[in-house]
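Please load the model in your viewer and prepare to select cysteine residues by number. The tour proceeds from one sulfur bridge to the next.

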Amino acid sequence: MHVVSYALFQCRFLAFAILDPIDFLALQSIRKSLHDLPGSNYLASWDFTSDPCSFAGVYCASDKVVALNLGDPRAGSPGLTGRIDSAIGKLSALAELSIVPGRIYGSLPDSISQLKGLRFLAISRNFISGNIPVTLGRLRRLKTLDLSYNQLTGGIPRSIGTLPELTNVILCHNHLSGSVPLFLSHGLTRLDLKHNALSGSLAPYSLPPSLQSLSLSWNRLTGPVDKLLSRLNHLNYLDLSLNQFTGPIPGRLFSFPITNLQLERNSFSGPVQPTEPVTIPTVDLSHNRLSGHISPMFSTVQNLYLNNNYFTGQVPASFVDRLLSASIRILYLQHNYLTGIEISPTAEIPLRSSLCLQYNCMVPPVQTACPLKAGKMKTRPAFQCKG
C-alpha cells in the first residue's frame, strides 16, 4: 500500500517538474480569475494535481508555457468570464495568447508587455474595457494584435504603430478615439479600425504600401486621402465609408487588385477617371460630391453604386449593352444630374439585374424598381437642371 502511494507521489512530482515553477504558479493565478460561463465545462481539465501542460488550451515546450488558447473554439460555445490576471506576465516564453468570445471583463493588464516573445495576441468579442496599454509597444516581436469587439476607450497608442513585425491590426468595434497613428511595419497587410470614433486626417505616408486590407469605416476621419491611396497598390479590400474624407479619388486606385471598394458616404469631390476598364466586382461611390461625366471605364463593374452625387451628361452606351446582357447586376444612378441614357422604352431589364435612374435631369425611359430610399420623385425639378 505504502509502495503504491509513494509511486503515485513520484509520478505526480515528476509531472510537476516538467513545468517551470513560475509558470505553474502563474497558471494557478490565471485559473482563479477565470470561470466557465453556463453551459461550458472548459476549465474542468485544469486540475493542478495533474500535468498543467495537458490542460485544455495550454501548450508547452520543454518546461515553459509557449501558448495559451483559452476557451472552447467551437462555434456557439459559451466561452469564459472573469478577468485576465496580471500573472499572465510571468509566462516569460509565451508566444501566443488568445481568448475565445465570452464575457471577459476589466482592463488589459500592463504585465502583458513583459511577454517579450509574444507574437499573437487575440482577445476579441469580450467586454475588455479601459485603454490599450501604451506598454504594448514593448512587444517588438508581435505580429497579430486583435482586440476587436470589446469596449476599449482612449486612443490607439503611437507605440503600437512602431512595432516592426506587425502584420495584422484588428481593433474594430470599440470606442477608440483620437487619430490613427503612423504605422511603420513594412509587413503590415491588414488594418481594421472600423466602428470607432477616430478623428483627424491621414498623412500621405502614414500607412505602408504592404497593406492588402484597409477598413476605416464608421469613424469621423477627415481630409484628403488621394496621395495615400495612390501608394497602396497591393490593396484587395478597401472600406473608407461613413467618414468625412474630402478631395479627389485617384484614378489609379481602380487598377489595384481590389475585390470590394467601399467609399460611400463621405465628401469626395471632383471627377472620377479610371485609367483602364475597372475589374473590381463591387464599387460603391454613392453619397459623395463627385461630379463630371460618368466614365465608360465603369461599365465593366458588376455592382456599381454612383447614386447621390453630382454626375452630369449622358450615361455611356456601354452601360446599356452590359446591363441588357446581365453583365451588370446593380446600376444605381439615382439622385444625380444626368441628362440621358440611350435605352429603348421597351427594353427588358434582366430579372437578375437592377437599374435605378430616378431623380435626374431626365425622365427615366424605362420603368424600374428602385430602392425605397430613392424616394418617389421620378425627375428633378427643372430649375435644378439649368446650367
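Begin with the partner that faces outward in part: select C60, which is partly exposed because its relative accessibility of 27% lies between the 20% and 50% cut-offs. The coordinates belong to a predicted model.

**First stop: C53 and C60**

Add C53 to the selection and display the sulfur atoms. C53 and C60 are joined by a disulfide, with 2.1 Å between the sulfur atoms. Set a dihedral about the S-S bond: the value is -95 degrees, and the link of C53 and C60 is left-handed.

**Second stop: C356 and C370**

Move next to C356 and C370, where a disulfide spans 2.0 Å from S to S. The dihedral about this S-S bond is 110 degrees, which gives the link of C356 and C370 a right-handed sense. Colour by secondary structure at this point: C356 belongs to strand β27 (residues 354-356), whereas C370 sits in the segment after β27, so the bridge ties together parts that are 14 residues apart in sequence.

Now switch on a solvent-accessible surface. Is C356 buried or exposed? C356 is buried, at 0% relative accessibility. Its partner C370, by contrast, is partly exposed, with a relative accessible area of 23%.

**Third stop: C361 and C385**

Select C361 and C385, which are also connected by a disulfide, with an S to S distance of 2.0 Å. About the S-S bond the angle is -90 degrees, and the link of C361 and C385 is left-handed. Both C361 and C385 lie in the segment after β27, so this pair ties together parts that are 24 residues apart in sequence.

Keep the surface displayed. C361 counts as buried because its relative accessibility of 18% is under the 20% cut-off. C385 has a relative accessible area of 30% and is partly exposed.

**Fourth stop: the pairing as a whole**

Show the bridges together. How many disulfides does a search of the whole structure find? The search finds 3 disulfides. When the bonded cysteines of the chain are numbered in sequence order, the pairing reads 1-2, 3-5, 4-6.

**Last stop: C172**

Finally, select C172 and keep the surface on. C172 is buried, with a relative accessible area of 3%.

Terms used: Residues numbered from 1 in each chain as written. Predicted model: local features only at pLDDT ≥ 70, side-chain atom pairs only at ≥ 80, totals over all residues. Heavy atoms only, no water. Disulfide = S-S within 2.5 Å. Buried < 20%, exposed > 50% of the residue type's maximum accessible area, 1.4 Å probe, protein only. Helix = DSSP H or I, 4+ residues; strand = E, 2+ residues; numbered from the N terminus.
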